[in-house]
Amino acid sequence: MTAIAVTSADLVLPAPDRHTPAAAVLHPPDRLDLEGSLAETTALLERYGHLVVVLPPWLPAATARRLHTVRAILETDRIALLDIDLPPLATALLVRQLRQLSVCDFSPGVIASAARLLSHYIYAGALLGSVAKLDRVPVGLGAHARSWSPSAQFAVLANPAPHLVKLGGGGGGGGRGGAHAGGAGLPPGPEFATHLTFARGQLASDWVTAELAPAWQVQGVMENPLPADSPGWWATGKLVEFAAAIPDPAVLYQLVASVRREECRWCGAELIGDRCGFCSAPLAAPPPPRAAADATGATAPYRARS
């Protein structure tokens, strides 16, 4: 069995059914010393066998260092540290999808490498009161200037492709609308069945439920508390964050099962896609030794003893 772990409790959304297990919440360095982290991780490995940790790059550097240190000290290849760069609410949805898959008959390697695949099917964005400091999505000079208006609101899509639209006036950012785009005043939405999850910050607006959800033709809408890291990710507290994702575990299973499985030539784990979820080794063979020596900054992927 495979345990799914996170570093913050607000990345654990409620289970959609009684079959979806909870995620393990690992304590950060400021709440647990190294010895305690080692004991915490060892207990999870003894109980579940493998541990898949979603480690977003926007987490504190000390938290990432602690997890890498724990994996190195334990000298195990049964811990996967997944670097998936999604907004916080979308990250929580991805974690829930991995929790749903963890009870299926997939190997730990497939579950870990499935995270990159599933992230492409999550539509993540936010309604923002300002984009003046936003650096996660390209923002033009005009949008920056309009951010100073007290009544300005922007619909911003960060994943799977960046898209920015100023609401209430015309003008929008790049991107091409799909079948569910909902017009020029809305970011393009998914062309498959999804549920929409949203979380309110310091912006009073019903735009997500009143306009975006019908335009995207979502099958359900659910509100959750705003993750603590969301204002930092979006560079403003005046926001309503949203994310649309596939809710049905049967569809998730079919999506993952349809991808060809390979064996990692480095650690032996089963994987889908082009990179191992446990040791980060690419599926393709490395360049010849001479070419590798000429490459700057090239390092071998992590390999621990079991």
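Me: Where does His68 lie in this model, and in which helix?

Reply: This is a predicted model, so keep that in mind throughout. His68 is part of helix α2, which covers residues 61–74.

Me: Is His68 buried, exposed or partly exposed?

Reply: Relative accessible area is what you read here, and anything under 20% counts as buried while over 50% counts as exposed. At 40%, His68 is partly exposed.

Me: Which residues does His68 touch, once I leave out neighbours within four places in sequence?

Reply: Leu55 and Leu81 are in contact with His68 on that basis. As for Ile79, the C-alpha atoms of His68 and Ile79 are 9.6 Å apart, with their positions 11 residues apart in sequence.

Me: Let's do backbone angles. What should I expect of phi and of peptide bonds in general?

Reply: Phi is negative for most residues other than glycine, and most peptide bonds are trans. Now the cases here. Glu75 has a positive phi, near 50°, and it sits in the loop between α2 and β4 (79–82). With a relative accessible area of 35%, Glu75 is partly exposed. Gln217 also has a positive phi, near 55°, and belongs to the loop between α6 and β9 (221–223).

Me: Which residues does a cis peptide bond join?

Reply: Asn159 and Pro160, with omega at about 10°. Pro160 is in the loop between β6 and β7.

Me: On to the strands, then. How do side chains sit along a regular strand?

Reply: They alternate between the two faces of the sheet. For the case here, take β6, residues 154–159: six of its six residues are buried, so the strand is largely enclosed by the rest of the structure.

Me: How many bridges join β5 to β6, and how many join β6 to β7?

Reply: Five bridges join β5 to β6, and those strands run antiparallel. Between β6 and β7 there are four, again with antiparallel strands. Val156 is a handy residue to follow: Ala126 has Val156 as its bridge partner in β6, and Val156 in turn has Leu164 as its partner in β7. The β6 to β7 connection is a hairpin through three residues.

Me: Now aromatics. What describes a pair of rings?

Reply: Two things: the distance of the centres and the angle of the planes. Searching the whole structure turns up seven aromatic pairs. One of them is Tyr121 with Phe192, 5.7 Å centre to centre with 65° between the planes, which is edge-to-face.

Me: Why does the Tyr121 and Phe192 pair tie together parts that are apart in sequence?

Reply: Tyr121 is in the loop between α4 (108–119) and β5 (123–128), whereas Phe192 is in the loop between β7 (163–166) and β8 (195–200), so the pair links parts 71 residues apart in sequence. Both rings belong to partly exposed residues: Tyr121 has a relative accessible area of 29%, and Phe192 has 27%.

Me: How do the rings of Tyr123 and Trp216 pair?

Reply: Their centres are 6.0 Å apart and their planes are at 75°, so this pair is edge-to-face. Tyr123 is in strand β5 and Trp216 in helix α6 (residues 207–216), so parts 93 residues apart in sequence are tied together. Tyr123 is buried at 14% relative accessible area, and Trp216 is buried at 1%.

Me: Which residues do ring pairs link into a cluster?

Reply: Tyr121, Tyr123, Phe192, Trp207, Trp216 and Phe242.

Note on methods:
Residues are numbered from 1 along each chain as its sequence is written. This is a predicted model: local features need pLDDT of at least 70, side-chain atom pairs count only at pLDDT 80 or more; totals for chains, interfaces and linings use all residues. Side-chain values use heavy atoms; hydrogens and water are left out. Rings of Phe, Tyr and Trp (its six-membered ring) pair if their centres lie within 6.5 Å; planes under 30 degrees apart count as stacked, over 60 as edge-to-face and the rest as tilted. Helices (H or I, at least four residues) and strands (E, at least two) are DSSP runs, numbered from the N terminus. Buried means under 20% relative accessible area, exposed over 50%, partly exposed in between (1.4 Å probe, protein chains only). Two strands pair if DSSP finds at least two bridges between them. Contact means heavy atoms within 4.5 Å.
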